[in-house]
Amino acid sequence: METTGNTSAYDHQFSLIETYFPDLSERQKEQYAALYDLYTDWNAKINVISRKDIENLYPHHVLHSLGIAQMLRFKDGTSVMDLGTGGGFPGIPLAIMFPETHFHLIDSIGKKIKVGQAVAEAIGLKNISFRHCRGEEEKGLFDFVVSRAVMPLNDLAKIVRKNIRKEQVNALPNGLICLKGGELANEIAPFRKQSISIDLKDFFKEEFFETKKVVYVPL
């Protein structure tokens with residue numbers, strides 16, 4: 001990224017994370033700060049983020065992933081599966097944010113899992129695991145499943161219902177938390193009475209979030 005004086009676009013973007021989440025530990029700040037170089041390097045070898053979008057890593061990918069934290073702050077000991085994680089979103093930013101929650105990231109594309117594993121290892125994430133598989137193949141039990149625009153809610157719910165454990169430990173009943181964009185009325189319709197939807201523009205002022213939502217469905 002271009003640097004002007006002592007202020008770079010990178011510094012401005014990274015500062016967004018600290019602005020919206022001011023209680024981060026120094027360790028968490030270091031881990032978030034390391035993501036740009038790691039993803040830039042890996043993205044040159046294995047395309048997990050649009051080449052045009054890599055410079056927007058923090059607002060479009062890291063901060064977007066952390067929108068899930070605006071729906072629910074996971075309690076210590078929670079277990080979460082990230083379905084269709086790609087190169088690690090939303091799982092890796094969330095694993096940094098919630099070090100006492102375990103995140104299990106799965107994707108059907110092996111080379112994308114390879115990138116996520118390498119990034120997690122480089123920043124020393126201990127509360128994370130990875131698996132190259134389809135959602136239908138994963139039999140583990142979790143408190144929540146998270147995803148970022150992988151597929152329509154109804155299809156996703158059918159796949160992951162088997163993965164939701166019965167015991168409850170969080171403020172919301174166990175279920176599905178998805179990052180979504182655009183018009184969702186039809187998609188949410190089957191779950192309308194029980195779902196919760198929040199607009200990320202109410203939390204993050206950047207234009208990117210104008211149409212972005214977090215949708216929760218208990219399962």
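This passage describes the packing of several helices and the surroundings of selected residues in a predicted model.

The arrangement of helices around H2, which spans residues 26–45, is considered before the individual residues. The axis of H2 comes within 12 Å of the axis of helix H3, which is formed by residues 57–65, and the two axes cross at roughly 120°. That angle makes H2 oblique to H3, and the crossing of the two helices is right-handed. On the H2 side, the residues that take part in the contact are Tyr32, Ala33, Ala34, Leu35, Tyr36 and Tyr39, and these meet Leu57, Tyr58 and Val62 in H3. The residues of this contact divide into nine nonpolar, no polar and no charged. The surroundings of H3 can also be described residue by residue, since Leu57, Tyr58, Pro59, His60, His61, Val62, Leu63, His64 and Ser65 are buried in this helix. Because nine of the nine residues of H3 are buried, the helix is largely enclosed by the rest of the structure.

Helix H2 also packs against helix H6, which consists of residues 110–122, and here the axes come within 10 Å and cross at roughly 150°. An angle over 145° counts as roughly antiparallel, and H2 and H6 are therefore described as roughly antiparallel to each other. The crossing of H2 and H6 is right-handed. In this pairing, Leu35, Leu38, Tyr39 and Trp42 of H2 meet Lys114, Val115, Ala118, Val119 and Ala122 of H6, and the residues of the contact divide into eight nonpolar, no polar and one charged. Leu35 and Tyr39 of H2 are listed both in the contact with H3 and in the contact with H6.

The loop between H2 and H3 contains Glu55. With a relative accessible area of 43%, Glu55 is partly exposed, whereas the residues of H3, including Leu57 and Tyr58, are buried. Glu55 and Thr40 are 15 residues apart in sequence, and their C-alpha atoms are 8.3 Å apart in space.

A further region of interest leads into helix H5, which is made up of residues 91–97. The loop between strand E3 (79–83) and H5 holds Pro90, and a cis peptide bond, with omega of about 10°, joins Phe89 to Pro90. Within H5 itself lies Pro93, which has a relative accessible area of 0% and is buried. Apart from residues up to four places away in sequence, Pro93 touches Tyr32, Val62, Ser65, Leu66 and Gly88. Two of these partners, Tyr32 in H2 and Val62 in H3, also belong to the contact between those two helices. The C-alpha atoms of Pro93 and Leu38, which are 55 residues apart along the chain, are separated by 13 Å.

Another buried position is found at Glu138, in the loop between strand E5 (128–132) and strand E6 (144–148). Glu138 counts as buried because its relative accessibility is 8%, which falls under the 20% cut-off. The side chain of Glu138 is joined to that of His104 by a polar contact of 2.9 Å. When residues up to four places away in sequence are not counted, the residues touched by Glu138 are Met81, His104, Ile106, Arg131, Cys133, Lys162 and Asn163. His104 thus appears both among the residues that Glu138 touches and as its partner in the polar contact.

The last region is the loop between helix H8 (185–188) and strand E8 (196–199), in which Ser195 is placed and in which Gln194 also lies. Ser195 is buried, with a relative accessible area of 17%, whereas Gln194 is partly exposed, with a relative accessible area of 40%. Leaving aside neighbours within four places in sequence, Ser195 is in contact with Ile188, Tyr216 and Val217, while Gln194 is in contact with Tyr216 and Pro218. Tyr216 is accordingly a partner of Ser195 and of Gln194. Between Gln194 and Tyr216, which are 22 residues apart along the chain, the separation of the C-alpha atoms is 8.6 Å.

Key. Residues are numbered from 1 along each chain as its sequence is written. This is a predicted model: local features need pLDDT of at least 70, side-chain atom pairs count only at pLDDT 80 or more; totals for chains, interfaces and linings use all residues. Side-chain values use heavy atoms; hydrogens and water are left out. Helices (H or I, at least four residues) and strands (E, at least two) are DSSP runs, numbered from the N terminus. Buried means under 20% relative accessible area, exposed over 50%, partly exposed in between (1.4 Å probe, protein chains only). A polar contact is a pair of N or O atoms within 3.5 Å; within protein, one must be able to donate a hydrogen and the other to accept it, and residues adjacent in sequence count only if both atoms are side-chain atoms. Contact means heavy atoms within 4.5 Å. Axes are lines fitted to C-alpha atoms, for helices over the stretch in contact, and angles run from 0 to 180 degrees between N-to-C directions. Angles under 35 degrees count as roughly parallel, over 145 as roughly antiparallel, 65 to 115 as roughly perpendicular and the rest as oblique. A crossing is left-handed if the near helix is turned anticlockwise from the far one by less than a right angle, and right-handed if clockwise. Ala, Val, Leu, Ile, Met, Phe, Trp, Tyr, Cys and Pro count as nonpolar, Asp, Glu, Lys and Arg as charged, and the others, Gly among them, as polar.
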